[in-house]
Amino acid sequence: MSSAREIDLTTLRLEQDGRVLTAFYANPPLNLITTAFLKDLDRLTRAVDRDPTIGAVVLTSDLPGRFMIHVDAEELGSMVGLPLPRLRPGAVLPVWKASDRALGLPGGESVGTRLGTLGAGMLWAHRWKKSTLRMNRSGVVYLAAIGGPTLAGGTEIALACDIRYAADDPSVVFGQSEILFGMLPGGGGTQRLTRHIGPGRALEMILEGSTIDAAQALDHGLVQRLVPSGELLTRTQAAAARLATRPRGAVSAAKRLAYAATDRPLRRGLDHELAAFIAAGTAETPKRVLPILAQESKEHGETPLLSDPRTWLDGGRLNNRST
């Protein structure tokens with residue numbers, strides 16, 4: 001059986017040192033999250049669980065001063081642009097759960113790829129949920145080394161890691177920005193963020209759509225360590241090397257117990273969140289606003305959620321519409 005570090009991935013560069021595998025994400029220029037990344041994350045987490053030589057994975061960026069920001073607005077816009085009627089989360093939930101189960105069957109993902117944009121959207125959600133839950137159940141420890149802005153889906157990927165180290169740098173900010181383009185978190189934000197920082201702070205971040213800096217993230221418990229920028233990767237890898245010596249069986253058991261220590265199982269919470277996210281995508285607002293997000297990102301060479309946040313935070317792009 002080939003080792004995890006030898007799998008051929010499109011968006012992740014892999015390096016292994018001892019029992020630590022470091023995965024570097026690169027999607028220049030902004031490090032937007034794409035369907036290609038989710039496919040790679042699915043393949044990586046599968047391979048890591050089968051590779052006994054790995055005890056820890058460090059997820060970081062190959063682009064200086066970046067981590068991951070929101071989902072590629074063009075890709076997401078094509079999914080929410082489907083001619084669907086306005087749906088409610090309660091109507092979406094049973095359809096989503098049935099689709100999720102079907103995609104998990106042998107050959108299910110191949111069928112999904114043949115269903116065009118609708119299938120791509122369902123695969124996007126299925127892979128995100130499956131991969132991040134696999135990270136949470138794994139006997140391998142996942143650490144995030146965050147050296148730049150981390151928005152929306154990027155924050156959700158960081159939250160799926162067990163431990164988060166961030167650079168003590170002004171460029172490092174965290175946010176759940178989805179509401180600014182008419183959506184809501186769909187990759188675990190309402191569930192994992194609330195578990196980490198409590199419902200009050202989580203709702204403030206989700207409803208405001210604004211960012212918090214690295215010091216606030218440390219104070220809230222969103223990250224465990226702040227380290228100098230130049231030491232971020234080495235310090236995170238050093239922690240990974242230490243944790244990689246822990247027995248995988250004990251690590252897996254401890255993680256499952258810790259992540260399940262809530263009233264609602266994370267799996268059920270993620271299903272309800274995804275149903276609400278999909279339902280939000282059938283409304284008029286994201287269909288109108290996501291193309292603006294994609295276009296402004298291209299024009300300015302940066303996501304406007306970072307380069308011109310006030311216009312978005314003040315609701316200028318939503319035009320005060322509530323749908």
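**Exercise 1. The lining of the largest cavity**

Sort the residues that line the largest cavity of this predicted model by class.

*Solution.* Start with the classes: the lining divides into 10 nonpolar, 4 polar and 2 charged residues. Next, look at the space itself, which comes to about 120 Å³. Of the 16 lining residues, those closest to the centre of this cavity are Val-71, Leu-76, Glu-178, Phe-181 and Phe-277. Finally, find the helices involved: α2 (73–80), α5, α6 (153–160) and α13 (284–300) each supply at least two residues of this lining.

**Exercise 2. The second largest cavity**

Find out which residues line the second largest cavity, and which elements give two or more of them.

*Solution.* Rolling a probe the size of a water molecule over the atoms shows where empty space is left. With a threshold of 30 Å³ or more, the count is 2 cavities. The second largest has a volume of about 30 Å³. Its lining consists of Trp-128, Lys-129, Thr-132, Gly-186, Gly-187, Gly-188, Arg-192, Leu-270, Glu-273 and Leu-274. The elements that give two or more residues here are α5 and α12 (266–281). As for classes, 3 of the lining residues are nonpolar, 4 polar and 3 charged.

**Exercise 3. Two helices that meet**

Describe how helix α5 and helix α11 are placed relative to each other.

*Solution.* Two packed helices are described by the angle between their axes and the distance between the axes. For α5 (residues 116–137) and α11 (residues 248–259), the axes come within 7 Å and cross at roughly 120°. Now list the residues in contact: Met-135, Asn-136 and Arg-137 on the α5 side meet Ser-252, Lys-255, Arg-256 and Tyr-259 on the α11 side. Sorted by class, this contact has 2 nonpolar, 2 polar and 3 charged residues.

**Exercise 4. The sheet of 6 strands**

In what order do the 6 strands of this open sheet stand, and which strands are at its edges?

*Solution.* Strands of a sheet pair through backbone hydrogen bonds, either parallel or antiparallel. Here the order is β1-β2-β3-β4-β6-β9, and the pairing is mixed. At the edges stand β1 (12–17) and β9 (225–227); each has a single partner strand, so one side of each is left without a neighbour in the sheet. From one strand to the next, the twist averages 20°.

Now zoom in on one pair. β1 and strand β2 (residues 20–25) run antiparallel and are joined by 6 bridges. Gln-16, for instance, has Leu-21 in β2 as its bridge partner.

To finish, add the helix: α10 (residues 232–243) lies across β2, β3 (56–61), β4 (141–146), β6 (163–167) and β9, and runs at about 170° to β4.

**Exercise 5. The sheet of 3 strands**

Why is one side of β5 and one side of β8 left without a neighbour in the sheet?

*Solution.* Write down the order first: β5-β7-β8, an open sheet with mixed pairing. β5 (150–151) and β8 (211–213) are at the edges with a single partner strand each, so one side of each has no neighbour in the sheet. Strand β7 (residues 173–175) pairs with β8 in the antiparallel sense over 3 bridges. Across this pair, Phe-174 stands opposite Ile-212 in β8.

**Exercise 6. A salt bridge between distant parts**

Which parts of the chain does the salt bridge of Asp-42 with Arg-134 link?

*Solution.* Side chains of opposite charge can pair when their charged atoms come close. The structure holds 15 salt bridges. In the one between Asp-42 and Arg-134, the closest N and O atoms are 2.9 Å apart. Asp-42 belongs to helix α1 (residues 35–50) and Arg-134 to helix α5, so this pair links distant parts of the chain, 92 residues apart.

How values were computed
Residues numbered from 1 in each chain as written. Predicted model: local features only at pLDDT ≥ 70, side-chain atom pairs only at ≥ 80, totals over all residues. Heavy atoms only, no water. Axes fitted to C-alpha atoms, helices over the stretch in contact; angles between N-to-C directions. Helix = DSSP H or I, 4+ residues; strand = E, 2+ residues; numbered from the N terminus. Contact = heavy atoms within 4.5 Å. Nonpolar A, V, L, I, M, F, W, Y, C, P; charged D, E, K, R; others polar. Pairing = 2+ DSSP bridges. 1 Å grid on protein atoms, 1.4 Å probe; cavity = no way out; pocket = protein on both sides within 12 Å on 5 of 7 lines; lining within 4 Å. Points joined across faces, edges and corners; volume = space filled by probe spheres on them. Salt bridge = Lys/Arg side-chain N within 4 Å of Asp/Glu carboxyl O.
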